[in-house]
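Welcome, and thanks for taking a look at this one with us. Below is a short briefing to read alongside the sequence and the 3D view.

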Amino acid sequence: MSPSAAGSPTPPVSHWLHYPRSSAARNQVLVIEEGGMPVGAMRAVGAWRTQCQVGASHLHPLRVSGPGGFRHVSTVTHAQLLPSHLSPRRPLSHSRRPTQTKTLENSGPIWTPVRYNSRSSTSNEAMSRHQAEVQRISETVKAFHERGEKFRIYHGSTNSTRKNMMNKDFRKVVDTSKLNHVLHIDKEKQVALVEPNVPMDRLVEATLEHNLIPPVVMEFPGITVGGGYSGTSGESSSFKHGFFDRTLNSVEMVLADGSVTTLSESQNADLFRGAAGAVGTFGVTTLVELQLRPARKFVETTYHPVSSTAEAIAKTKELADPAGDLDYVDGLLFSPNSGAIITGRLVDEQPSSHPLPIQRFSSASDPWFYMHAETTITNSPDPGTPHKELIPLPEYLFRYDRGGFWVGRAAFSYFSPFVPFNRFTRWCLDDFLHTRMMYQALHSSGHTERMFVQDLAVPYDGAESFIQYSDERLNIWPLWLCPLRQSPQPSMHPHDTRCTGRGESQDSEEGQMLNIGLWGLGPPVREDFIRANRDIESKLKHLHGMRWLYAQTYHPAEEFWEDFDEA
């Protein structure tokens, strides 16, 4: 972060920037905060990119307009676009937004003092609102139960790649979308009380105010807390902390009969762990208590070059030591003979002996992370030597957002040859190449059964064989590699099927598996697409692996129960 032009230190950062940079945002007002206080606002105009030079969710020095003209170069710590017709005293929906504001006239800026609700304790108003909403959900679920009717749950967003069925019949939907608040953060106990529809970027924003972060942060900012629990979320810190649900202390849930209960290791423990990864089939999650850990300013990131699939797997297994000093481990295989295993350590300062370059990934002009990693290892003067750099913590956590790892590249092939894939087109179309927008586009386009988007967990001893087979069958590259600490059995999470029903501890010899992200264009003919999925399922089963349940699955019920302990 840069110091101000006048030489004064940059104010403490308690937020990072969130706003949509799209043509629809024009004629709206950008309210800017610095160090928790609003310092001005500006109208979105044609020179929007030139003025702000930021991507969604990004800290960046910005000239802030105040009385007397441009005051200084400041680090923007928060911003939100407001409709230009907004009433001066209309409160904003998010708890960290100003409680009152004004529209910006063409003649100049506005300056508005604000007062925020205390974060030191859960407010009675917030908890009363939460309880009322849970009561409404409970009554709705109970009514469906009494009528014997099935229903779907509407969260307000989705990160599933299955075909969207929400438009079938809204009369058979339970709406939980209003449960989207961080209710309380206890800095001393290092826990947070969070509603299920809080996305990762908002959660990280709230916890960083207290210099804390969740141990496991899903790498797409739109994935929610509830989705992390009900789905299967294993990320680059999961070799040490396990799946996201392993970092929860308790869950509040509405059961199928409408009753409300609390789940934890000491209360309804079987349901607490059984509902994790069960995609909402055991109940409706309404609140979680989440563990936190101390945050740092940067992630010291090291790119370890590898020249074969076997070397990549061996290197990942070597580095992913839960007892070691690394905080993050994942890998990228660009081809069968080129890749990088990427490790990270949380740090606050530059190394005193040799300062490292600082790299960002959220601005439209920044590289996509996977492309940067490939360039780093291929352009190195010493190809076999690891390369180090510092990445600001929020930028590291969501480094794969732009481009959705590399899936965003498929959109360019759809419009080829009219829209080439190059630095200029990525900059120009950046608004549409963040994961939130890409998920919307995927479902709107009807191409959910065209994209092969599968996360697959394989024991280390079968990983090389699986990658070789997927190359021959689908020829999809790059691949993502992520070591995962298994959950104790029984579990709905992917696990070594040789352990099914055996109650193995996550600390056993089979304690880790390798997550392989297989994401790319599949066969264009539906029958061929389904056949390719079934072939991958068959190979995976042969190697004692499993797939995530968020994506397309085509195996029958009897095959499904072969992977789990039905009893």
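In which sense do β16 and β20 pair, and over how many bridges? The two strands pair in the antiparallel sense, over three bridges. Please keep in mind that this is a predicted model. The notes below start with the whole chain, then turn to the two sheets, the helices lying on them and a few individual residues.

**The chain as a whole**

- The protein chain has 567 residues, and 55% of them count as buried.
- Its secondary structure amounts to 15 helices and 22 strands.
- If we take contacts between residues at least 6 apart in sequence, 71% join residues at least 24 apart.
- About 25300 Å² of the protein chain is exposed, with carbon and sulfur atoms supplying 51% of that area.

**The eight-stranded sheet**

- Eight strands make up an open sheet with antiparallel pairing, and their order is β18-β15-β17-β16-β20-β21-β19-β22.
- At the edges stand β18 (387-392) and β22 (546-547); each has a single partner strand, so one side of each lacks a neighbour in the sheet.
- Strand β15 (residues 298-306) pairs with strand β17 (residues 338-347) in the antiparallel sense, over nine bridges.
- For a landmark in that pairing, look at Phe-298, whose bridge partner in β17 is Val-347.

**Strand β16 and its two partners**

- Eight of the eight residues of β16 are buried, so this strand is largely enclosed by the rest of the structure.
- On one pairing, β16 and β17 run antiparallel and are joined by seven bridges.
- A hairpin of two residues connects β16 to β17, and Val-329 has Thr-343 in β17 as its bridge partner.
- In the pairing with β20, Leu-332 stands opposite Trp-480.

**Helices on the eight-stranded sheet**

- Helix α7 (residues 309-319) lies across β15, β16 (328-335), β17, β20 (479-485) and β21 (512-521), and runs at about 145° to β15.
- Helix α13 (residues 460-473) lies across β16, β19 (451-458), β20 and β21, and its direction is about 10° from that of β21.
- With 14 residues at 1.5 Å a residue, α13 should span 20 Å, and its end C-alpha atoms are indeed 20 Å apart, which agrees.
- The buried residues of α13 include Tyr-460, Gly-462, Ala-463, Phe-466, Ile-467 and Ser-470.
- These buried residues of α13 pack against α7, β16, β19, β20, β21 and α14 (526-542).
- After α13 comes Asn-475, which has a positive phi, near 55°.

**A closer look at Ala-312**

- Ala-312 belongs to helix α7.
- Is Ala-312 buried or exposed? With a relative accessibility of 0%, Ala-312 counts as buried, because the cut-off for buried is under 20%.
- Setting aside neighbours within four places in sequence, Ala-312 is in contact with Val-306, Leu-333, Ile-341 and Leu-481.
- One of these, Ile-341, is 29 residues from Ala-312 along the chain, while their C-alpha atoms are separated by 6.7 Å.

**The five-stranded sheet**

- Another open sheet has five strands in the order β8-β9-β13-β11-β12, with antiparallel pairing.
- Its edges are β8 (182-186) and β12 (260-264); each has a single partner strand, so one side of each is left without a neighbour in the sheet.
- On average, and ignoring direction, neighbouring strands of this sheet are turned by 15° against each other.
- Strand β11 (residues 248-254) pairs with β12 in the antiparallel sense over five bridges, and Val-251 stands opposite Leu-263 in β12.
- Helix α2 (residues 124-147) packs on this sheet, where it touches β8, β9 (191-194), β11, β12 and β13 (284-291), and its direction makes about 50° with that of β11.
- Helix α3 (residues 200-208) also packs on the sheet, touching β8, β9 and β13, and its direction makes about 35° with that of β8.

**Aromatic pairs**

- The structure holds 21 aromatic pairs.
- One of them joins Phe-405 and Trp-406 in an edge-to-face arrangement, 5.6 Å centre to centre and with 75° between the planes.
- Phe-405 and Trp-406 are both buried.

Technical notes: Residues numbered from 1 in each chain as written. Predicted model: local features only at pLDDT ≥ 70, side-chain atom pairs only at ≥ 80, totals over all residues. Heavy atoms only, no water. Helix = DSSP H or I, 4+ residues; strand = E, 2+ residues; numbered from the N terminus. Buried < 20%, exposed > 50% of the residue type's maximum accessible area, 1.4 Å probe, protein only. Contact = heavy atoms within 4.5 Å. Areas by Shrake-Rupley, 256 points an atom, 1.4 Å probe, with all protein chains shown as cover. Pairing = 2+ DSSP bridges. Axes fitted to C-alpha atoms, helices over the stretch in contact; angles between N-to-C directions. Expected span 1.5 Å × (residues − 1). Phe/Tyr/Trp six-rings, centres within 6.5 Å; stacked < 30°, edge-to-face > 60°.
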